[in-house]
Amino acid sequence: MKRQSSLVSESVLIEKLTQRDQQAFQWLYDQYSPALYGVVLRIVRDDEQAADLLQDIFVKIWKNLDAYDASKGRLFTWMLNIARNSAIDSLRARKTQPSAAIRTDEENVHIVDRQYNTEQPNPEFIGIQEVVSQLRPERKQLIDLVYFSGYTHEEAAEKLNLPLGTVKTRIRAALQELKQLFK
Amino acid sequence: MNITEYIASGILESYVMGAVSDQERREVECLSSIYPEIRQEIDQLAEALENYALLHSVEPPASVKDKLLKELEFGQPKEIEREPIIRELPTNGPTYRVTWIVAASMGLLLLLFSFYLLSELRTNQKTLAATRTANDALQLEMRQIRDNQSRTEQTLALLRQPGLRTIELRGNEKAPQGDMIVFWNTQTHQVAVDVRSLPSLPADKQYQLWSMVDGKPVDAGVFDATNGTELIQRLNRTVTRAEAFAVTVEKRGGSPIPTTSTLLALSPVNA
């Protein structure tokens, strides 16, 4: 899909954001909050927690805008990384709490729902979903493990019972394929 | 390094997935800043992941945006920054002015003090120079006084010696102002003169004293017309007998026979 960021030059947006311009923030939020929320939801699998996290994430983005260095990477990627790291950190913190590990059946059903991609996508993305369905399942699985669950290569190799070298090769192949899909 | 190989190594994919160590991350960032090809590949991979993330978009609850709009601080930073500056100026003004005044007065004081020191130094130098001159003058005067004193003592000693005769010689018509005293000690046979006033002579001439023995003149030594600057001139001749003393003008060093035409004064001893 063509992203709307082309409507506003990223450098102008960043300049307005660093001036703490409310309109710029609203634009940023409207543009990116569904994607960030989707990613967070994909990681923590809990609406309420994801909403709280999303709020924290935007506060973090807002406070750390001065630290963003356009020469090191894209703004959306930077935001995505903040969102992903926050969500993965939060998930890990919860896992260490024993009470959080006990889930009711109802919750499990909800989690299973999420895991098997039964979320309601925005209708405009359906076409893209089809494109992604072309992605080989084992590659998609690896991207999801590493990107959304924050698995290291070693952890992913162990989880999938694959040699480390295969994991590395497959990650590269998956991303190259993804790259081609969005060209 | 081989960039193509580096790109194909899979490290960039791991980097954009956030699955690299801190060291690897720094390495990739460093290389991407050097090699545009690496930077381009990273951007493409990141964009692919961005698009992948976009696929998972879910509209968040509206409450999140409302909370954020309340929680975050917005504003026109330029105006916010300007206001405190405008307000701070007057509060900072007096402090600044006071500091400036204090600094300026300190500087002025220092300047005045240095002028004072400089003038003191000059005065002292002048005083010192004046004192030195005065000291030199005093020393000179002192030396003269000491010389005078020693001469006076010699004169006094001469005059106190027993057997001293004093013969006053008056100038004749050739030297009407001529006035001198001859001191003759009849025991030691020493002769000295005290010239009060005699006409000054050319450099090649000198006065010569003669003692008259049996009517004949005998050389009694030469002297100059010191006219009071020297108290007494001792003459380097001894006079054993004398009936009278006479003074003539002779060539410097004296002559064996008096030039009678230049006789200035003649006075008998037993006047």
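Colleague: Is the crossing in which H1(A) passes H2(A) left-handed or right-handed?

Modeller: The model is predicted: local features need pLDDT of at least 70, side-chain atom pairs count only at pLDDT 80 or more, and totals for chains, interfaces and linings use all residues. Residues are numbered from 1 along each chain as its sequence is written, chains are lettered from A and ligands numbered from 1, both in the order in which they are written. Helices are DSSP runs (H or I, at least four residues) numbered from the N terminus, and a crossing is left-handed if the near helix is turned anticlockwise from the far one by less than a right angle, right-handed if clockwise. H1(A) passes H2(A) in a crossing that is left-handed.

Colleague: How is H1(A) oriented relative to H2(A)?

Modeller: The axes of H1(A), residues 10-18, and H2(A) come within 8 Å and cross at roughly 125° (lines fitted to C-alpha atoms over the stretch in contact; angles run from 0 to 180 degrees between N-to-C directions). Therefore H1(A) is, relative to H2(A), oblique (neither under 35, over 145, nor 65 to 115 degrees).

Colleague: Which residues of H2(A) make the contact with H1(A)?

Modeller: A contact requires C-beta atoms, placed from the backbone, within 7 Å. H1(A) contributes Leu13(A), Lys16(A) and Leu17(A). From H2(A) come Ala24(A), Phe25(A) and Leu28(A).

Colleague: Which helix supplies the largest share of the side of chain A that touches chain B?

Modeller: In total, 46 residues of chain A are in contact with 36 residues of chain B. Helices of chain A that each supply at least two residues of this side include H3 (47-63), H4 (75-96) and H10 (164-181). The largest share, 11 residues, comes from H2(A).

Colleague: How many residues does H2(A) give to the largest nonpolar core?

Modeller: Such a core joins buried Ala, Val, Leu, Ile, Met, Phe, Trp, Tyr and Cys residues through C-beta atoms within 7 Å. The largest has 58 residues, and Leu36(A) and Val39(A) are among those with the most contacts inside it. Both chains contribute, with H4 (36-55) of chain B among the helices that each supply at least two residues. H2(A) gives the most to this core, and its number of residues is 12.

Colleague: Is Ser33(A) buried or exposed?

Modeller: Ser33(A) lies in helix H2 of chain A; setting aside residues up to four places away in sequence, Ser33(A) touches Leu54(A) and Pro60(B). Ser33(A) and Leu54(A) are 21 residues apart in sequence and 7.7 Å apart in space, C-alpha to C-alpha. The threshold for a buried residue is 20 or more other C-beta atoms within 10 Å, against 12 or fewer for an exposed one. Ser33(A) has 22 such atoms, so Ser33(A) is buried.

Key
Two residues are in contact if their C-beta atoms, placed from the backbone, lie within 7 Å.
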